[in-house]
Every structure is written in structure tokens, then in C-alpha cells.
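Open the model in your viewer and keep the selection tool ready. The tour goes from the whole chain to the ligand, then to the empty spaces.

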Amino acid sequence: MDGNGRWAHGKGLERLNGHERGAEAVRDCVKGCRELGVEYLTLYAFSTENWKRPKAEVMGLMKLLERFISKELPELNAQGVRLQTIGRTSDLPESTRAALSGAIESTAANTGLTLVLALSYSSRVEIVDAVQSLAREVQAGRLNPAAIDEAAIARHLYTRDYPDPELLIRTSGEMRLSNFLLWQLSYTEFYITDTLWPDFRKDDLYEAVRAFGKRQRRFGGI
Ligand code: IPE
Ligand code: MG
């Protein structure tokens, strides 16, 4: 979800106004995913690198997330959305963690769409965590190094319970991964749009899914 700051700047507004409008894009895209029957939607909401931003913006984002959760929770439940997170959420402020864990618990039995928020997320840190956890199993004598295969690594990633993404949508025209799901995106189709995230609506999502439908996925075959 990129381009909130540029959207605000273009309108002579504060960056936080861009993030607020971005929350509307989230609401609309969750609806669009339900309509399309998408089973998993992962939103890159806050990276470990985003902690470098000014404190006021970071706190503004955390408060926005808290407000979004408390406001949207009934609608998420009504739509059958199950909320989950990936990332080092222990880094988040106490009030944000409380809001998240309440919503995760409240939506745990929903089966319509799994909405995964990547928060304080870094793909490299995720891989480091996975390697440490594998090493501990080896050290404890529970895992033979020769048995470490792709599936074993995938089982130690934060995404162990989710399938690899089929489609990656990046807004605001940026052509980079920015430390997002490096392992999981190996065979994912990319869709990059110049649309800034606050302007992204479910029509744009449909357009991306239509484009995805025309791709030929060969997974290295012919
Ligand atoms: C994405 O918008 C939102 C977050 C990273 C939280 P940006 O804040 O990165 O917007 P730009 O890139 O400055 O336009
Ligand atoms: Mg950005």
C-alpha cells in the first residue's frame, strides 16, 4: 500500500491525511476480495524500516490502525473476515497490540477471507527468525540438517499457515519489493499500477485480477 504521502502532498494535505484516506482503500478492497472470492489478502501496512519515520507519523499510523480496527470490526465479522498479522508485532505499542489481539480473537472463527496485516514486517528478519528456529531444532537433536528442505523452511516462516500469494499488487508505480515476502513471492505474478494507494478502489482490484487472469503461469515449465 504505497503512495499515501504523495497523495497527500499533491493535495496540499498532511501525510497523515493520506494514510486516513488509505484506510478507505483498505475497506473497499476487503469488500472487493469478498465479492471475488479471494481467500487470502496480505496488506503490507508497516515495515520494520518504517520505524525510521518521524515519531508523530509512526504514532499517527498506530492510532489510525487502532481506530480502523474498532470501527471496522463489526463489518469484518459481518463479512466473514478473519484477521491475522505477520511481523514482529511485539514491537508495536501496547494499545495497538491489544486492539489487534482483540480483533484476531473476535474474528478467529470466520472463514470468508483471511486478512493478514504485515506489521513491523521485514522479510529478511522473517528469514533470520526461521533460520534461528531451525538451528534450535537441530541443536536439540530434533532435526537432521539433511532434512531441511523448502517445505521445512516454509514451515518456519510467519506465513506457515498461508499459501504463497498468486498476485502481488504494488501501487504508486514503485518497481521494488521493499523487503516484502521475498521467499513467498518466488512465482507470484506482479501487477504494478501508478495509482496511489488512497485512490485505489475495488474497480482497480478487479482490473488487477483481470490482468492476472490473462497471464500464463508456467512455474519454470514450458
Ligand atoms: C504507504 O504510503 C503507507 C505506509 C508505508 C505506512 P507512504 O507513506 O509510503 O507514501 P509515500 O511513498 O510517501 O507516497
Ligand atoms: Mg512509500
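## The whole fold

Begin with everything shown; this is a predicted model. A compact globule of 222 residues would have a radius of gyration near 17 Å, and the protein has 18 Å, so the two agree. Turn the C-alpha trace along its principal axes: the spans are about 60 × 50 × 35 Å.

Now colour by secondary structure. Seven helices and five strands make up the protein. Follow the chain from its start and the order reads α-α-β-α-β-α-β-α-α-β-β-α.

## Stop 1: ligand 1

Select ligand 1 and show the residues around it. Which residues are they? The list runs Met1, Asp2, Gly3, Asn4, Gly5, Arg6, Arg15, His19, Ala45, Asn50, Arg53 and Leu61. Colour this shell by class: three residues are nonpolar, five are polar and four are charged.

Next, pick out three distances to oxygen atoms of the ligand:

- Aspartate 2: a polar side-chain atom sits 2.9 Å from a ligand 1 oxygen.
- Glycine 5: here the backbone takes part, with an N or O atom 2.9 Å from an oxygen of ligand 1.
- Arginine 53: a side-chain N or O atom is 2.7 Å from an oxygen atom of ligand 1.

How much of ligand 1 does the protein bury? On its own, ligand 1 exposes 380 Å², and the protein buries 86% of that.

Switch to the cartoon and highlight 4-10 and 15-36. These are α1 and α2, the elements that give two or more residues to the shell around ligand 1. Of the elements, α1 gives the most, with three residues.

## Stop 2: the cavity

Hide the ligand and look for enclosed space. A probe the size of a water molecule, rolled over the atoms, shows where empty space is left. How many cavities of 30 Å³ or more are there? The count is one. About 60 Å³ of space lies inside the largest cavity.

Select its lining: Arg27, Val30, Lys31, Phe68, Glu72, Glu75, Leu76 and Gln79. Two elements each give two or more residues to this lining, α2 and α3, the latter covering 55-78. The largest share is from α3, with four residues. By class, the lining of the largest cavity holds three nonpolar residues, one polar and four charged. Keep α2 on screen for a moment, since this helix appears both here and in the shell around ligand 1.

## Stop 3: the second largest pocket

Move on to an open site. The second largest pocket holds about 180 Å³ of space. Which residues line it? Select Glu150, Ala151, Ala154, Leu157, Thr159, Arg160, Tyr162, Asp164, Trp183, Gln184 and Ser186. Colour them by class once more: the lining of this pocket has five nonpolar, three polar and three charged residues.

Key: Residues numbered from 1 in each chain as written. Chains lettered and ligands numbered in written order. Predicted model: local features only at pLDDT ≥ 70, side-chain atom pairs only at ≥ 80, totals over all residues. Heavy atoms only, no water. 1 Å grid on protein atoms, 1.4 Å probe; cavity = no way out; pocket = protein on both sides within 12 Å on 5 of 7 lines; lining within 4 Å. Points joined across faces, edges and corners; volume = space filled by probe spheres on them. Nonpolar A, V, L, I, M, F, W, Y, C, P; charged D, E, K, R; others polar. Near = heavy atom within 4 Å. Polar contact = N/O pair within 3.5 Å; in protein donor to acceptor, adjacent residues only side chain to side chain. Areas by Shrake-Rupley, 256 points an atom, 1.4 Å probe, with all protein chains shown as cover. Rg over C-alpha atoms; globule rule 2.2 N^0.38 Å.
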